[in-house]
Amino acid sequence: MDIERKIARLNPRQKEAVLHTEGPLLILAGAGSGKTRVITMRAAYLLHRGAAPRSVLAVTFTNKAAREMRERVAAMVRGGGNGSPVISTFHSLCLNILRREIEHLGFRKDFTVYDTGEQISLLRNILSDIRFHDKTFRIESVLERISRSKNDCVPAAAMASSDDDKIEEVTERLYPRYHEALRTLNALDFDDLLLFALKLFREHPAVLQRYRERFRYLMVDEYQDTNRVQYEFVGMLAGERKNLCVVGDDDQSIYGWRGAHPGNILDFEKDFPGTAVIRLEQNYRSTGHILQAANAVIKNNEKRMEKTLWTAGAPGPRVRIFRAANAEDEARWVADRISMIRLDRNLRWEDFAIIYRANLFSRPFEEALRKLRVPYSVVGGTSYFENREIKDLAAYLKIISNSRDDLSLLRAANVPKRGIGTTALGRLSVFARERSISLLEAFSRAREIAELGAKTAGSAEGFAGMIGRYQSAFQKRRVMAETFAALVEEIRYRDYIRELYKTPEAAMRKIENLDAFISSLSGYAAEEAAPTLQGFLETLALSDFIEEKEEKTGSGVTLISFHSAKGLEFPVVFICGVEEDILPHKKSSGTADAVEEERRLFYVGITRAMKELYMTYAGHRTKYGRQSAVNPSRFLDEIPDEALKRLNNEAPDAEDEERFARKSLAHIKAMLGE
DNA sequence: GTTAGTTCTGTTTTT
DNA sequence: CAGAACTAAC
């Protein structure tokens, strides 16, 4: 086993972190400090020292991080293998626990997990149910508030009344009903996965005890992003033993608005007396000037743990700041620059990233890059599951999997149209409610409903019958994909799509998505030891199927938001739209805390760059169809002069430009010479 | 039950 | 300006 040799090659701080195995440990891992290497090695080392693999638990936030860690640990302990440690996201860990234990909390084991879209339609249904016709608020805000209170671990009744009284008031009325509705639907939302797992631990000490005995070594990655529920959950699991190692960087906490509580990492030492604190400050990613800029910017935050990144490497070129006339000029300059640098530095398109505050800023860059025939891929935006065809078909699978899932039934029932409209659905719902039966059962007894026409009733019964047939068909797990394909065929979904989308291209895209969906089921069935429809729906709900980010950042220049860029690195980075009201965002410049989070966002962007960093801003920008003058971001003033170089159309990078010109001339000559 | 206008509103989004 | 969601008329 060469793990010891690997450990010997670490720097002193890293080594210390790997070798500290018992008791609370806080690893403050600066950007690019080899964090992943340390935690994977630490996991491997625990096994090496004789810990049973199933007693080691590492929790991450993203599937991607979990996957990466699993692979790296597996590679390290290869041959020594009697199983691997449990490496999982918070959500899937809790889901797995709940799958086994949720009956303690009065849910059935076949519960469904609702995504945001389903949450919204559920709230809409409730709203119309109680005839709440006030539309001066956005349903999303209510949802945000609900989610927030779940994440903050505050019971519905005792929510802190704050800024927006209107939303507050509506939320207070809606929350209990929403909660009830989920229960009757035998469904949980994302936040419930964590909340219920915590509830389980709190209310059932015997269950908690079992998990405490099992998981003897805990690691939590990205601890700065944990919210209150996650904090409590981890604390409970750690128990008296307190073999808890948390890894994170308070300077990269950028999810405060989603309930993350950076205080968790700041207070860790207080919460766990006797904590060993290890700072990883040596940076292996970026050149000196980039780090100088990063350090200088983040230093302006009050609430943080002092850290200074340093490198043993070269200072590299200075950070270049370009002032553009407007958004189009900015995009054009960036696109030009990318093509030039690629040639000059002999790089691949994949080595470049354009980072911006909001996804909607991608557009001008896409246009400019297209004009120069530069390949690119945009990360983020509408995700695969938000596509109508996926949601429609998932609704079918969900009602097949959980017959109490009225919400999914409601969606599937009339898509494609089969003559069961809103009125019919309303009557069916009333019938179901009067008899306290599920909506699906009401469908199968539709003929008993006097107000329903014979045709409609027949249609409803036929639908219920079909669902019943597929419920048994999906029991044959090895042929689930075939069954699914047969279902899509039976409901003539492809025809429906072709009619719905006028242009053949759009329809084509949708059909491709649909086919990909079917094959993802066969992929799941092939990979899993004991595949079930429910299991497949879970991988969907937790978006845990392989392609995600790797594919997205797969080819060409990467266009990406600050948030999605966290954890990634690129040789050349362009940070764009560095202006007041964008970064910091207008809505975040109110409080000091919010500005600090914006600054961390900027910091995350800066520290993505390995060799070269550019920042751009515009003098004018079109906002909501209106042209207006804008100011450069206050954060730019925080970068020391000796680390930067300012450019604009009148003052281009003289020496670089000249070299580029010569290079491209040579390039053209070479091409002509061929 | 479907469709074409009309109004409204604008971050970020690991699961 | 552009996309979504809602409304009013087929």
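Contact is taken here to mean heavy atoms within 4.5 Å. On this basis, and leaving out residues up to four places away in sequence, S55 touches R214, F215, R216 and Y217 in the predicted model. S55 is found in the loop that leads from α3 (35-48) to β2. Its relative accessibility is 8%, so S55 counts as buried. The side chain of S55 also reaches back to the backbone oxygen of A52, at 2.7 Å.

One of the residues touched by S55, Y217, belongs to strand β6, which spans residues 217-220. Along β6 the side chains alternate: Y217 and M219 point one way, whereas L218 and V220 point the other way, and all are buried. Strand β6 has two pairing partners described here. With β2 (residues 56-60), β6 pairs in the parallel sense over four bridges, and in this pairing A58 stands opposite M219. With β7 (residues 244-248), β6 also runs parallel, and three bridges join the two strands. Here M219 stands opposite C245. M219 therefore has A58 of β2 and C245 of β7 as its counterparts in the two pairings.

The nonpolar interior was examined next. The largest nonpolar core comprises 58 residues, and those with the most contacts inside it are L428, F443, F474, F484, Y493 and F517. The surroundings of F484 illustrate this packing. Beyond the residues up to four places away in sequence, F484 touches L393, L397, F474, F517, I518 and L521. Apart from this core lies another, of 46 residues, among them V234, M236, F272 and M305.

The model also contains DNA strand B, which is surrounded by 29 residues. The closest of these are R357, N359, K417, G421 and S561. By class, the surface near the strand has nine nonpolar, 14 polar and six charged residues. Helices α19 (422-434) and α27 (562-565) each supply at least two residues of this surface. Of the atoms of DNA strand B within 4 Å of the protein, 53% belong to sugar or phosphate, and the rest belong to bases.

Individual polar side-chain atoms approach different parts of the strand. For S561, such an atom lies 2.6 Å from a phosphate oxygen of DNA strand B. For W257, a polar side-chain atom lies 3.4 Å from a base oxygen. For H585, the corresponding distance is 3.5 Å, to a sugar or linking oxygen.

The residue before H585 in the numbering, P584, takes part in a cis peptide bond with L583, for which omega is about 5 degrees. P584 is placed in the loop between β13 (570-575) and α28 (592-606).

Positive phi values at residues other than glycine were also noted. N346 has a positive phi of about 60 degrees and is placed in the loop between α15 (327-345) and β10 (352-356). N346 is exposed, with a relative accessible area of 70%. For R373, phi is near 55 degrees. R373 is found in the loop between α16 (362-371) and β11 (376-378), and at 76% relative accessibility R373 counts as exposed.

Two further arginines may be set beside these loop residues. R285 lies in the loop between β8 (276-280) and α14 (288-298). The threshold for a buried residue is a relative accessible area under 20%; R285 has a value of 16% and is therefore buried. Leaving aside neighbours within four places in sequence, R285 is in contact with A31, G32, L568, E569, T607, R608, A609 and M610. With one of these residues, T607, there is a polar approach: the backbone oxygen of T607 lies 2.9 Å from a polar atom of the R285 side chain.

R210, by contrast in setting, is placed in helix α10 (residues 205-214). Its relative accessible area is 45%, so R210 is classed as partly exposed. The side chain of R210 makes a polar contact of 2.3 Å with the side chain of E101. R210 and L291 are 81 residues apart in sequence, and their C-alpha atoms are 46 Å apart in space.

Technical notes. Residues numbered from 1 in each chain as written. Chains lettered and ligands numbered in written order. Predicted model: local features only at pLDDT ≥ 70, side-chain atom pairs only at ≥ 80, totals over all residues. Heavy atoms only, no water. Near = heavy atom within 4 Å. Polar contact = N/O pair within 3.5 Å; in protein donor to acceptor, adjacent residues only side chain to side chain. Nonpolar A, V, L, I, M, F, W, Y, C, P; charged D, E, K, R; others polar. Core = buried A, V, L, I, M, F, W, Y, C linked by side-chain atoms within 4.5 Å. Buried < 20%, exposed > 50% of the residue type's maximum accessible area, 1.4 Å probe, protein only. Pairing = 2+ DSSP bridges.
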